[in-house]
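Dear colleague,

I am passing on a structure that I would like you to read alongside this email. Please open it first, and then follow the notes below with the chains in view.

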Amino acid sequence: MWTWLHRLASPPGFYRFAQALAPWLYGVAVPLLALGAYGGLFVAPPDYQQGDAFRIIYVHVPAAALSLGIYTLMAAAGAIALIWRLKLAECAVVAAAPLGASFTALALATGMLWGKPTWGAYWVWDARLTSELVLLFLYLGVIGLNQAYAEARAGARACSWLALVGVVNVPIVHYSVVWWNSLHQGSTILSLDALRHPHISSDMLWPLLLTLAGFFLFFAAVWLRRVQNELLAREGNARWVTELHEHSAGTH
Amino acid sequence: MSRRQRRMLTVAVLVIGVAAAAALGFTAFRKNMMYFYTPSDLLSGDLPAGATLQLGGLVEQGSLQRGAGLEIRFVMADCTHQVPVVYDGVLPDLFREGQGVIATGHMGPDHVFVATRILAKHDENYMPPQVAKSLKTADGRHSCAPFKSVYQPAPDSVTARIERTSP
């Protein structure tokens with residue numbers, strides 16, 4: 001077990017692991033997303049008060065869940081990078097930030113498009129919307145900080161510190177609708193209360209679970225590919241990269 | 001203590017320190033970060049008279065009256081108190097009796113809240129129309145629970161009234 005983990009944590013070991021796993025993740029994510037989108041758009045009944053406008057939930061909730069999940073992952077990788085000085089963890093932090101920023105932007109954009117026809121406003125400064133916007137700025141800060149360093153390892157370590165400082169915002173976003181009065185509604189599926197008795201009828205729930213799973217697997221696949229890229233960029237002169245290159249050139 | 005343990009300690013102290021600072025700050029400024037006040041807050045006298053603020057609550061069943069043009073009057077209620085509201089303007093599609101709304105405006109001298117903007121605050125329950133119809137009362141669909149008073153702690157009877165709303 002430990003030897004396996006050690007081998008996985010080494011750049012060539014992880015590169016081969018990602019190379020084998022990523023296509024499978026894409027292969028599962030795309031059908032899940034297609035099925036979830038079909039279910040959400042055509043099979044699920046319209047909501048009793050929001051009509052068809054509620055269907056944006058099938059993109060909004062997975063994007064928002066990922067925006068928090070990716071940040072938590074980035075902070076965990078950041079802690080590993082800072083404590084154990086693991087090159088792979090540094091790559092994981094740097095590779096996750098643009099993806100997190102994209103999903104946060106998607107959550108904000110779909111939320112605005114949902115808010116206008118239901119609430120009556122694209123944007124209000126309530127606790128949930130404001131803290132999610134802060135999350136986007138944190139991601140952008142990590143991206144900018146990384147690019148401000150000429151030396152990749154120093155940049156990744158600075159990003160790890162920022163990721164760790166910003167992780168306090170993750171519970172704030174999640175519990176903002178509980179701790180403060182807000183325009184945004186409470187959690188439909190990701191709360192203790194909702195786990196006991198769902199706040200969404202089952203014929204509307206299953207497409208949401210499919211798109212949720214699809215979004216997470218899709219992220220995982222893209223993230224693995226991005227970590228591979230980071231490893232190649234940093235280890236371009238290492239022997240395992242040369243061997244990899246010769247190997248793939250030989251098979252052509 | 002090895003260098004790795006020292007780094008571990010630094011990371012732990014940083015995360016805990018930032019979390020503690022955030023917790024203290026947000027506790028101190030909790031009341032300032034509320035998006036809306038409730039009728040209870042408005043009637044308690046804790047708010048400056050005539051101040052422009054956001055007021056949130058449910059549109060009381062049977063209270064909606066339409067006047068000339070776009071003017072409407074209705075009663076907004078949280079779990080314990082009610083405030084009459086007058087508004088002249090465009091309403092969101094979800095506005096209806098029993099629905100949660102947030103009105104921006106100020107308390108007029110005649111103790112009627114004069115709103116300049118109204119937003120709908122829908123809840124986290126989603127269901128098809130047939131299921132919603134099978135729920136006995138329209139009141140049962142929307143709970144007053146999300147409209148928590150900023151100044152008063154919720155009385156026990158209120159927590160008891162927060163019951164399941166979706167099937």
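**What was found**

The bridge partner of Val75(B) in β4(B) is Pro84(B), and this pair is a convenient place to begin, bearing in mind that the model is a predicted one. Val75(B) and Pro84(B) are partners within a wider pairing, in which strand β3 (residues 71–77) of chain B and β4(B) run antiparallel and are joined by seven bridges. If you follow the chain from one strand to the other, you will find that β3(B) and β4(B) form a hairpin, with four residues between them.

Strand β4 also pairs with another strand, for β4(B) and strand β6 (residues 113–120) of chain B are joined in the parallel sense over three bridges. Here the residue to look for is Tyr87(B), whose bridge partner in β6(B) is Ala115(B).

Which side chains of strand β4 (residues 82–88) of chain B are buried, and which are not? The side chains alternate along the strand: Val83(B), Val85(B) and Tyr87(B) point to one face and are buried, whereas Gln82(B), Pro84(B), Val86(B) and Asp88(B) point to the other face and are not buried.

Stepping back to the chain as a whole, chain B contains four helices and six strands, and read from the N terminus on, its elements follow the order α-α-β-β-β-β-β-β-α-α. Chain B has 167 residues, of which 28% count as buried. Among the contacts in chain B with a separation of 6 or more, 55% come from residues that are 24 or more positions apart. The domain assignment of chain B gives domain 1 (1–33) and domain 2 (35–161), and the centres of these two domains of chain B, taken over C-alpha atoms, are separated by 38 Å.

Finally, please look at chain A, where helix α1 (residues 2–9) and helix α2 (residues 11–43) pack with their axes 4 Å apart and at an angle of about 90°. Angles of 65 to 115 degrees count as roughly perpendicular, and therefore α1(A) and α2(A) are described as roughly perpendicular to each other. The residues of the contact between α1(A) and α2(A) divide into four nonpolar, one polar and one charged. On the α1(A) side they are Arg7(A), Leu8(A) and Ala9(A), which meet Gly13(A), Phe14(A) and Phe17(A) in α2(A).

With best wishes

Definitions and conventions: Residues are numbered from 1 along each chain as its sequence is written. Chains are lettered from A and ligands numbered from 1 in the order in which they are written. This is a predicted model: local features need pLDDT of at least 70, side-chain atom pairs count only at pLDDT 80 or more; totals for chains, interfaces and linings use all residues. Helices (H or I, at least four residues) and strands (E, at least two) are DSSP runs, numbered from the N terminus. A residue is buried if 20 or more other C-beta atoms lie within 10 Å of its own, exposed if 12 or fewer, and partly exposed in between; C-beta atoms are placed from the backbone. Two residues are in contact if their C-beta atoms, placed from the backbone, lie within 7 Å. Two strands pair if DSSP finds at least two bridges between them. Domain bounds come from an automatic or database domain assignment. Axes are lines fitted to C-alpha atoms, for helices over the stretch in contact, and angles run from 0 to 180 degrees between N-to-C directions. Angles under 35 degrees count as roughly parallel, over 145 as roughly antiparallel, 65 to 115 as roughly perpendicular and the rest as oblique. Ala, Val, Leu, Ile, Met, Phe, Trp, Tyr, Cys and Pro count as nonpolar, Asp, Glu, Lys and Arg as charged, and the others, Gly among them, as polar.
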